[in-house]
Amino acid sequence: MKIGAPKEIYEGEARVAMTPDSAVQLQKLGHACLIESGAGAKAGFSDAAYAAAGVTVVPDAASVFTLADVVVKVRGPERSEAEHLRQGQTLISFFWPAQNADLLDLCKDKGATVIAMDMVPRISRAQKMDALSSMANIAGYRAVIEAGSNFGRFFTGQVTAAGKVPPAKVLIVGAGVAGLAAIGTATSLGAITYAFDVRPEVAEQIESMGANFVFLEFEATQDGAATGGYAAPSSPEFREKQLAKFRDLAPDMDIVITTALIPGRPAPKLWTEDMVRLMKPGSVIVDLAAERGGNCDLTVPDQKIVTDNGVTIVGYTDFPSRMAAQASTLYSTNIRHMLTDLTPKKDGVIVQNMEDDVIRGATVTHDGAITFPPPPPKIAAIAAAKPKEKPKELTPVERRAQETAAFRKQTISQVGLLVVGGALLLALGLVAPASFMQHFIVFVLSVFIGFSVIWNVSHSLHTPLMAVTNAISSIIILGALLQIGSGSWLIGLLAALAIVMAGVNIFGGFMVTRRMLAMFQKS
C-alpha cells in the first residue's frame, strides 16, 4: 500500500503526520511512502530528508490523494480535502466525529474508511496509538511555558538584596495527561502547585509529583473504565460544589491552567466570569480546552485577551503545533503503530479487522456506512488504582489486647520448639556416645547464638542482605582468630585465609552499602 501525507492547510498548523524516521518504519511493514513537497518544512523536516529516507516527494496535495491508498493527516480534513477521497481509500487523522456530522456523511458517501485518532480507546494495548495523550503531554508542558511568558514574576520564590519575591501559585484543573505534564513543569520551575481532579484516587499521584491535591468533599464520580478511558460529565450537584471550591481559590491563584474535555461534548465551563473578576491583576489563565469552547467563560479561541481587571486569558488552540518537531515525531509514531496493527502480516496489505477493539473503536466510517459511535470495548479501559485504605487507629485497650495475643502466640511457638528440640536431643542421647553428644550440643548452641546475633543486626538498606553477610563474616573471623594459634600449621594457614577473605567481604560490603545509600542522598 502507498501511505501519503499532504501538507496541513489549517491556518497556523505546523505539524506533519509523517516524519523521515516514521517513514522508514512504515517501509519495513511493506508500504511505500509519499509526501507533498514542503509538508514537513514548518516542523523542520526538509524534502531532502524525506527523499533520503526513501519517501517519494510529490508536488501537490491532489497527487497525494490520487496516488495514496492511505492518507495520513494531523487535523481533520477540510471539506475540499474530503472531496478528494475515493471508494476504498483510508484516511487516518484527528476527526472529532461527534462535532462533524456533515463531514462524516461526506466521507461515508465517498466510500472511504476513516480512522479517527481521537477515538482510539484507552485500553492498555492502545497506549502506543493514543495520539490525544501524546499531544496533551506537549500541550500541558507548553501551557506552563506560555503562562510563564505572560506572567510578570518568577515561578520560584527568591530572597535577594533588592527584596523578597514570593513563589507563584499555580492551579491545574484536571489531572489527565495534559494536567500531569503541567504539574510536573510548574513544580520543576519552583511554583507552589495545586491540582484538582474529579477522581479523588489520583491524589496520591498528584502529591507524588510535588503538587497539593485540592480535595472536594463529595462522593466519588465514575472513573474512565466504563467510558473508554475518557472523562464523563459530572452531576449538577458535584458541579456546584466544584465551582464553589474554585471561587474560594481564585483570589489566591496567580496562574490557572484548565484542561477539562469530554469527548463528543463542548468543554465544561469550570472557570466562570466572576472567578476571573476575583483574581489579582497580572494573573494568567491558560485554557487548553479553547478549541472545544473553553473551560473559562471569557476564553476567545486562538486569541490572548486581557480583562478589565488585568487578567490575561490565553486561548490558543495550537499548543502542540508550537512545538512542531516534537509533536510531529510523537504523532507520526502513533500513526505508525496504528498502521502496524492494520498490517498484521507486515506485507504491505491493510486489513480492516472490525473485531479488533482498537481498530473498531477508532473507525468512524467503513464500507459506505457510519460506524460511529463504536460499541463499548471488550477490554476494560485503564482505570486509576484505588487508593489504599488507611489502617484503623487502635484504641489503647485494643492495642494492649493485640500485643497480648501476639506475645501468647510467640510464647506457645517458642515453648513448642524447645519441647520438640529437647525430645529429639533426649532421643539422640539414648543411642549416641557421650563424646558425640558433647560436641553436638555445643554445635546446636553455637547455631542458635549465631542465628540470634545475625538476625538482630540492624540494617541500613531496604534489604538486610548486606548486614546479614557482614555479620556472618564477623563470626567467621572470630572463629578463625580462635584457631590461628593452633599448633597445626595447616589449621593456622586456613584460619589466616578465612580472616583475609571475610575481611574483604566485610569492607567491600560496607563500601557497597555506602555507595547505595549515597544514591538516595542529595549532595
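## Close-up views: rings, charges and cysteines

**View 1. Arg292 and Trp96.** In this predicted model, Arg292 lies over the face of Trp96, 4.8 Å from the ring centre. Trp96 also belongs to an aromatic cluster, in which its partners are Phe94 and Tyr331. It is worth keeping both Arg292 and the cluster in the frame here, since Trp96 takes part in each arrangement.

**View 2. Arg75 above the ring of Tyr10.** Here is another charge placed over an aromatic ring: the charged end of Arg75 sits over Tyr10. From the centre of the Tyr10 ring, the distance is 4.1 Å.

**View 3. Phe151 and Phe155, a pair set edge-to-face.** The structure holds eight aromatic pairs. One of them joins Phe151 and Phe155, whose ring centres are 6.4 Å apart. Their planes stand at 75° to each other, and an angle over 60 degrees counts as edge-to-face, so that is the label for Phe151 with Phe155. Are these two residues buried or exposed? Both Phe151 and Phe155 are buried.

**View 4. Phe436 and Phe440, a stacked pair.** For Phe436 and Phe440, the centre-to-centre distance is 5.6 Å and the planes make an angle of 15°. Planes under 30 degrees apart count as stacked, and this aromatic pair is therefore a stacked one. Both rings come from helix α14, which covers residues 434-455. Because Phe436 and Phe440 are four residues apart in that helix, about one helical turn separates them. Phe436 has a relative accessibility of 39%, so this residue counts as partly exposed. Phe440, at 25%, is partly exposed too.

**View 5. Asp130 in a loop.** Where does Asp130 lie? Look to the loop that runs between β6 (113-116) and α6 (131-150). Although part of a loop, Asp130 is buried, as its relative accessible area is 9%. Leaving aside residues up to four places away in sequence, Asp130 touches Arg122 and Asn334. Showing the side chains of Arg122 and Asn334 along with Asp130 brings these contacts into the picture.

**View 6. Cys33 and Cys296, two buried cysteines.** Cys33 has a relative accessibility of 3%, so Cys33 counts as buried. Cys296 is buried as well, with a value of 0%. How many disulfides does the model contain? With a cut-off of 2.5 Å between cysteine sulfur atoms, the count is zero. As a reminder, a disulfide is a covalent bond that links the sulfur atoms of two cysteines.

Methods. Residues are numbered from 1 along each chain as its sequence is written. This is a predicted model: local features need pLDDT of at least 70, side-chain atom pairs count only at pLDDT 80 or more; totals for chains, interfaces and linings use all residues. Side-chain values use heavy atoms; hydrogens and water are left out. Rings of Phe, Tyr and Trp (its six-membered ring) pair if their centres lie within 6.5 Å; planes under 30 degrees apart count as stacked, over 60 as edge-to-face and the rest as tilted. Buried means under 20% relative accessible area, exposed over 50%, partly exposed in between (1.4 Å probe, protein chains only). Helices (H or I, at least four residues) and strands (E, at least two) are DSSP runs, numbered from the N terminus. A charge sits over a ring if NZ of Lys or CZ of Arg is within 6 Å of the ring centre and within 35 degrees of the ring normal. Contact means heavy atoms within 4.5 Å.
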